Amino acid sequence: MVDQVFINGCLLVLSAVMGGLLVSPINKQGNFYLRVRSWWWMLGVLALVTFAGQRYFQLLIWLLGAYGALEILSQHHPLSKWNAAIGVVLLPASAALWSVSPLVSLLVLSSLLFTLAVTTSLRHGNKKLSMTLLLCLFASIVAMSQLLAFDAQGDGISWVLYLFFVTQINDVSQYFWGKSCGKSKLLQNVSPNKTREGALGGVLTSSLLGVFVGGYLLDLEPMVALSVSMLLAITGICGDLLVSLYKRRVGVKDMGALIPGHGGLLDRIDSLLISAPVLWMFSYQLMEPALFAF
């Protein structure tokens, strides 16, 4: 528990330091000030559920899935309250059922996707991309829930905190390096504000810090922690670009307005959509190597 709280503190200090470097003088109406203030709130919630324990952390993950599904569904029309309720309930429910029966879990998810495909349409006809995003959200919620299941060995929350640390520090570092020295666009047609310099700086920064965090929380060897952290950073960027592509296709700037300075919830957790399943597969390789033996 002390280790987990220490990592929360590191996140808090790093976000504050980067905010101090970029905001001078402080503009309390500026976007970056709002981003930093929201970070303090989000890290406060993370610290609370860390203290509360595994059950409350699991509840937080299911709530992320429910609200993320709602943000995706808000792009569908006509979207009745009934359809919205089905999506918000079934996506986290199907993820929760994975531990009981993966087959039942996938059947519940399939019923959700079929219902949406039949009863709604999507602006500019991007229903396939919307279904892909829902599948990625489902996979990330399942992955984080399964990582929490390692709590039987006493490190379930530590795995999820490690995931959060690397992906979110990657996001913050990309913003910092992009604003500081970003010149070349990464994928201008998908994410105009993302630069190659920012992406490279984010990957390197989060990978190096991930070596310390992975070793401290999970006793990972330095080269293992470096490799996994770099993979999480790269897949985090891929998740970010996936959501950016979706927003451009449907013609919206943000997925919502839940988090001031960030946009919607999915604008904040997009880096988890692909990186969480990747870390889950790695953790199984580490915990149960026989599952991947050929």
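Mentor: Accessible areas here come from the Shrake-Rupley method with a 1.4 Å probe. Keep in mind that this is a predicted model.

Trainee: Good to know! How much area does the protein chain expose, and what share of it do carbon and sulfur atoms supply?

Mentor: The exposed area of the protein chain is about 14000 Å², and carbon and sulfur atoms supply 68% of that.

Trainee: And what percentage of the residues count as buried?

Mentor: Buried means under 20% relative accessible area. In this protein chain of 294 residues, 51% count as buried.

Trainee: How many helices and strands should I look for?

Mentor: You will find 11 helices and 4 strands in the protein chain.

Trainee: Let me try the strands. How do β3 and β4 run, and how many bridges join them?

Mentor: Two strands pair if DSSP finds at least two bridges between them. Strand β3 (residues 185-187) and strand β4 (residues 191-195) are antiparallel, joined by 2 bridges. Look at L187: its bridge partner in β4 is S191. With 3 residues between them, β3 and β4 form a hairpin.

Trainee: Now a helix residue. Is V89 buried or exposed?

Mentor: The cut-off for exposed is over 50% relative accessible area. V89 has 52%, so V89 is exposed. You can find V89 in helix α4, which spans residues 81-96.

Trainee: How far is V89 from A66, in sequence and in space?

Mentor: They are 23 residues apart in sequence, while their C-alpha atoms are 6.6 Å apart.

Trainee: And across the protein chain, what share of contacts with a separation of 6 or more comes from residues 24 or more positions apart?

Mentor: Such residues account for 70% of those contacts.

Notes. Residues numbered from 1 in each chain as written. Predicted model: local features only at pLDDT ≥ 70, side-chain atom pairs only at ≥ 80, totals over all residues. Heavy atoms only, no water. Buried < 20%, exposed > 50% of the residue type's maximum accessible area, 1.4 Å probe, protein only. Contact = heavy atoms within 4.5 Å.
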